[in-house]
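This briefing goes through one structure topic by topic. Confidence comes early, followed by domains, chain contact, sheet and helices.

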Amino acid sequence: MKRIITLTVQDRSGVLNRVTGLLQRRQFNIESISVGPTETEGVSKMTLVVEVGDGQRLEQVTKQLNKQIDVLKVSDITDKAIVVRELALIKVASSSQLRTEIHGIIDPFRADIIDVSKDSLAVQITGRPEKIDALIELLRPFGIKEIARTGLTAFLRGYQPQVNEFTAYSLSK
Amino acid sequence: MKVEAKLEFQTSTAPKTGADLLIDLLIKEGVETLFGYPGGAVLPIYDAIYRAQGRIQHVLFRHEQGMIHAAEGYARITGKPGVVIATSGPGATNLVTGITDAMMDSLPLVVFTGQVASTVIGTDAFQEADVMAITTPITKHNYQVRSIADLPRIVKEAFHIASTGRPGPVLVDIPKDISAGILTEEPEEVLIHLPGYQPTIRPNPFQIKKLVDSLSKAKKPVILSGAGVLHAKASAELTAFAEKHQIPVVTTLLGLGTFPADSPLSLGMGGMHGTYAANMALYESDLLINFGARFDDRLTGNLKHFAPNAKVAHIDIDPAEIGKNVPTQIPIVGDAKEALIQLIDETAGLEALEHQEWLEHLEQYKQDYPLWYQHDPHGMCPQWLIEAIHKITGGDAIVATDVGQHQMWAAQYYNFTKPHRWITSGGLGTMGFGFPAAIGAQMAAPESTVVAIVGDGGFQMTLQELSVVYERNLPIKIIIVNNGALGMVRQWQELLHGNRISESILHSQPDFVKLAESYSIRGYKIDNQEDLIAKLPEIFALNEPVLVDCRVIQQEKVFPMIAPGKGLHEMIGVKPQ
């Protein structure tokens, strides 16, 4: 199962290596990872999308990550009310005649054209990964020259509805 | 305070360097002994050690692997971090085995490695190795010092992290320009600030109550006692708790000595070469209370058959160990001693529990299927050798072993009745560990009798440390259980690989007696039981190191045994009825 795990970490050298090394050692596949600074100086946030076999393995990886000295907090937010975004840059082969047609495709996705050259143009899109996948499929017939994706980043919504199925991986459960 | 203010005072001496500061910080941490080996990148540190003569002891080993195992032995006996210093590159990479060993067996170490100067890090400079990347997965934490001003904080944090919570090795990598750098300012007092590291010491009272409740209902409870009990110094509490409620106790390999082996409640060691009674108790139990053991595969055997009917309670200071291998119904995160104190409190009003039927049942196993071996009047049985050492030392020696058959025989036949006497490489199974670990133990406990029980294979991996033993006149008794083979490998080849004895016989060996003598150490070669009985009193009366090359029967195997992939109840080589 695919899980979204966020980590707040101390911004020290080697911390990314520590996290990815640990996941590799315990045989977890990282689908995407994004890192950046937070509102607190010296604290970074990582968003990981990992493929995990079962709940027991998930609990194990969460605990192993928590054990790292530079890791402040680990949360599996997959089942929470969350905001999820990813950014992608897509370079599409395009002559000047096709530009309008491409415009028509990307418009409903609220994507932008951010670079144009003689035989290609670059589209920028933000949204949930599925939305990006969908646009890529629509653009594929034109000939995609290059794709760069940031990987997903996410956090909890301001309001968390009360749910009975509360998936917290705590020991008191 | 600016250093200028002190200049007048210091005119006659060299200015203080980062290395001098490091030594001051170590002394402040209470470090008495450094296990070290010099080299290019740590020359400034060795300058500072030279200047600090009389304030701190440095022991020069002959190989970095030997010295780090010695530091592990020291840590195992004192409970304090063993402090290691090695140079960059090969000095650091030679430590890798010992660091990993300490990580697996939760031993506190603080390891300082030299590093090339900051300006050339990353240029493949002479003796440069990426020690941070190499040691990230094998340390509890590691640091590279980027400025002298960080040293006080890093050293303090390193000792704190190594010795608290679940202990482990911490490495501090110090570039040469940092250790050689001149201190311009006396650093300020630092406080530890580790928001990501707050080990849980006090267990959740609710979970303790749950355990008490289960205990009062259990018919077949059993305690599994691991090395966590040693770290928590909780043997006395464990013994009191088990005795009060008449709960039988199984110890892990590393947990030997946490519960007196001569107690009627003791079932001995569990696991691959454990006793039949211990393994059957785990197998049949309805409540398994694990104090500070990590359910290693050598203990559990095939997990499908591990304690199939038991409710499992697991007390561990490391939450990641709980539920890792064995599903756990009562998870208790905390220090074993705290948990035991709470448990004793919580059960104070409880009528002493009776498990007479269960205890009698297990006693029958003990009587019917004890550890056993066939005496051979013509040769020396290795098991008998261990029993003889037990006898001559009154069962109270510190015993360090290597890895393999002799290790299992020592675990089986040296009945430990006290904690902190047993030093062995459990998790990593490191050959070459035992002899240097005994050196560290003897340094930690100069008055104690220390016996290094080693195999002829493993001893040859780190025997160069005989120099240290001679230099320091450490009265270690080195017992080589010499079967001319890598015995455990040979045993597995015999039993599990169609008797194809592939590369596990040591066809040529040094004359160990002459070897010892070349290091000015007394040596004996003994190949029969009478001679051993005659010589042992003399050997153990000597207040100097002695090496004893004991020629034991080569074909002897370690039994009973759980073959790989088998369950606890499927032991082979149990004493026939």
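Two residues are in contact if their C-beta atoms, placed from the backbone, lie within 7 Å. With that cut-off, the buried residues of helix 2 (18-28) of chain B pack against helix 3 (43-51), strand 3 (82-86), helix 8 (151-163) and helix 9 (176-180) of chain B. The model is predicted, and the predictor gives the complex an ipTM of 0.88 and a pTM of 0.94.

**Confidence**
- Chain B has a mean pLDDT of 95, with 98% of its residues at 70 or more.
- Over residues 1-12 of chain B, pLDDT stays under 50, and the model has seven contacts beyond four places in sequence for this stretch.
- Where pLDDT is low, the predicted coordinates should not be read in detail.

**Domains of chain B**
- The domain assignment divides chain B into domain 1 (3-180), domain 2 (205-368) and domain 3 (382-551).
- Between the C-alpha centres of domain 2 and domain 3 of chain B there are 31 Å.
- Domain 2 of chain B gives 13 residues to the contact between the two, and domain 3 of chain B gives 14 residues.
- The domain 2 side of this contact in chain B consists of seven nonpolar, four polar and two charged residues.

**Contact between the chains**
- Chain A and chain B each put 18 residues into their contact.
- On the side of chain B, helix 7 (131-135) and strand 12 (330-333) are the elements that give two or more residues.
- By class, the residues on that side of chain B are twelve nonpolar, five polar and one charged.

**Helix 2 of chain B**
- Eight of the eleven residues of helix 2 of chain B are buried, so the helix is largely enclosed by the rest of the structure.
- These buried residues are B:Gly18, B:Ala19, B:Asp20, B:Leu21, B:Leu22, B:Ile23, B:Leu25 and B:Leu26.
- After helix 2 of chain B comes B:Gly30, with a positive phi near 85°.

**The six-stranded sheet of chain B**
- An open sheet of six strands in chain B has the order 14-13-15-16-18-17, with parallel pairing.
- Strand 14 (422-423) and strand 17 (522-526) of chain B are at the edges and have a single partner strand each, so one side of each is left without a neighbour in the sheet.
- At one of these edges, strand 17 of chain B is joined to strand 18 of chain B by five bridges, and B:Ile526 has B:Cys550 of strand 18 as its bridge partner.
- Strand 13 (398-401) of chain B is paired with strand 15 of chain B over four bridges and with strand 14 of chain B over two bridges.
- In these pairings, B:Thr401 has B:Ile453 of strand 15 as bridge partner, while B:Ala400 stands opposite B:Ile423 of strand 14.
- B:Ile398 and B:Ala400 point one way from strand 13 of chain B, B:Val399 and B:Thr401 point the other way, and all are buried.
- A right-handed β-α-β unit is made by strand 13, helix 18 and strand 14 of chain B.

**Helix 17 of chain B**
- B:Pro382, B:Gln383, B:Trp384, B:Leu385, B:Ile386 and B:Ile389 are buried in helix 17 (382-392) of chain B.
- The cover over these buried residues includes helix 18 (405-413), strand 15 (450-455), strand 16 (477-482), helix 24 (529-541) and strand 18 (546-551) of chain B.
- B:Gly394, just after helix 17 of chain B, has a positive phi of about 60°.

Conventions:
Residues are numbered from 1 along each chain as its sequence is written. Chains are lettered from A and ligands numbered from 1 in the order in which they are written. This is a predicted model: local features need pLDDT of at least 70, side-chain atom pairs count only at pLDDT 80 or more; totals for chains, interfaces and linings use all residues. Ala, Val, Leu, Ile, Met, Phe, Trp, Tyr, Cys and Pro count as nonpolar, Asp, Glu, Lys and Arg as charged, and the others, Gly among them, as polar. A residue is buried if 20 or more other C-beta atoms lie within 10 Å of its own, exposed if 12 or fewer, and partly exposed in between; C-beta atoms are placed from the backbone. Domain bounds come from an automatic or database domain assignment. pLDDT is the predictor's confidence in each residue, from 0 to 100. Two strands pair if DSSP finds at least two bridges between them. A crossover is right-handed if, with the strands pointing away from the viewer, the path from the first strand over the helix to the second runs clockwise.
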